[in-house]
Amino acid sequence: MICPAALQGVGVGLRSCHYQNILTDLPPVSWFEILSDNYLNTEGLPLYYLEQIRQHYPVTLHGVGMSLGSTDPLNFDYLAKLKQLANWVEPVYISDHLAWISIGGYYLNELLPLPYTKEVLDHVTERIKQVQDYLGTQILIENPASYFTFTNSTLSEEEFIKALVESADCYLLLDVNNLYVNASNHGFNPLNYLDIMPKNRVKQIHLAGYEKRDNYLFDTHGHQIHPPVWQLYQEALNRFGNIPTLIEWDTDIPPWEVVMTEAKKAEKLMVNN
Ligand SMILES: [Fe+2]
């Protein structure tokens, strides 16, 4: 692992359609976030490009495969591959989501939310501790986007996450778009959410675009960042300082210049903060 001081400013999620732009122009972005799952089962071209890009930029590893909320046993085959990748690329951080994606050994293509109860808190805490022990480093957990809640939840999302990062001694990857989407879908105040997050636990921020559906917001990562998310990002910077921030774009990925324009907007807010 590289010293966290290596991560500053605004990064961009590395996507294969931008490999050539990046290697040809070496654009002035501060770092790249690598979707670790795309590099675990390949020995081909993606690793070649990653090796080249890694020589010029700090990187973080961001995955979806830990299934931290599942009741399945932790998948140590997956974690072994992730550890091998981490040993090779030396990421500043490794992150995954507060979610579950597997049941009975079957993996789903969705990050599913959890009921927020003390029992689930203890369960996820234990699993994060096991993952951290195995990887030999603290990890970052991303707050999820969700479209339903559980009637048996006894804690709010922010209460659960605050307790989780403290009990597991891990960090928070604060996805401001997810926070806005959830606040809108479930009707809570996102500023209260920011207010109770422990400042020293927030290590990275995600910004992305949602899509407005009939009566809810859907976290597509396929749009420019919407104005209310920029406003909430400013509120996050006010509270936590200039946390390293990532522009995340996963569907309908636009030309590199469009992503850079979003990165420059985030940089401007940081400079003025
Ligand atoms: Fe995210």
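The following questions and answers concern a predicted model.

Me: Which residue of strand S3 stands opposite Ile94 in S4?
Reply: Strand S3 covers residues 59–62, and two bridges join strand S3 to S4. These two strands run parallel. The residue of S3 that stands opposite Ile94 is Leu61.

Me: Through which helix does the chain cross from S3 to S4, and what is the hand of this crossover?
Reply: The chain leaves S3, passes through residues 76–89, and arrives at S4. Those residues form helix H3, and the β-α-β crossover is right-handed.

Me: Which residues of strand S4 point the other way from Ile94 and Asp96, and are they buried or exposed?
Reply: Strand S4 spans residues 94–97, with Ile94 and Asp96 pointing one way. Ser95 and His97 point the other way, and all four residues named here are buried.

Me: Which residue in S7 does Ser95 stand opposite?
Reply: Strand S7 consists of residues 140–142, and three bridges join S4 to S7. The two strands run parallel. Ser95 stands opposite Leu140.

Me: How far apart are the end C-alpha atoms of helix H9?
Reply: Helix H9 has 16 residues, 256–271. At 1.5 Å a residue, H9 should span 22 Å. The computed separation agrees with this expectation, since the end C-alpha atoms are apart by 22 Å.

Me: Why are the buried residues of H9 placed on the same side of H9?
Reply: An α-helix has 3.6 residues a turn, so residues three or four places apart point the same way. In H9 the buried residues are Val259, Glu262, Ala263 and Ala266. They are on the same side of H9 because the arc they cover around the axis is only 100°.

Me: Which strands are included in what covers the buried residues of H9?
Reply: On the other side of H9, Glu257, Val258, Thr261, Lys268 and Val271 are exposed. The cover over the buried residues of H9 includes strands S1, S9 and S12.

Me: Is Ile205 buried or exposed?
Reply: Ile205 lies in strand S9. Leaving aside neighbours within four places in sequence, its contacts include Leu174, Val176 and Ala236. Ile205 has 25 other C-beta atoms within 10 Å, and 20 or more are required for this class, so Ile205 is buried.

Me: What is the exposure of Phe218?
Reply: Phe218 is found in strand S11. Leaving aside neighbours within four places in sequence, Phe218 is in contact with Tyr210, Glu211 and Arg213. Within 10 Å Phe218 has 13 other C-beta atoms, which lies between the limits of 12 and 20, so Phe218 is partly exposed.

Key: Residues are numbered from 1 along each chain as its sequence is written. This is a predicted model: local features need pLDDT of at least 70, side-chain atom pairs count only at pLDDT 80 or more; totals for chains, interfaces and linings use all residues. Two strands pair if DSSP finds at least two bridges between them. A crossover is right-handed if, with the strands pointing away from the viewer, the path from the first strand over the helix to the second runs clockwise. The expected span of a helix is 1.5 Å times one less than its number of residues. The arc is that of the directions from the helix axis to the C-beta atoms. Two residues are in contact if their C-beta atoms, placed from the backbone, lie within 7 Å.
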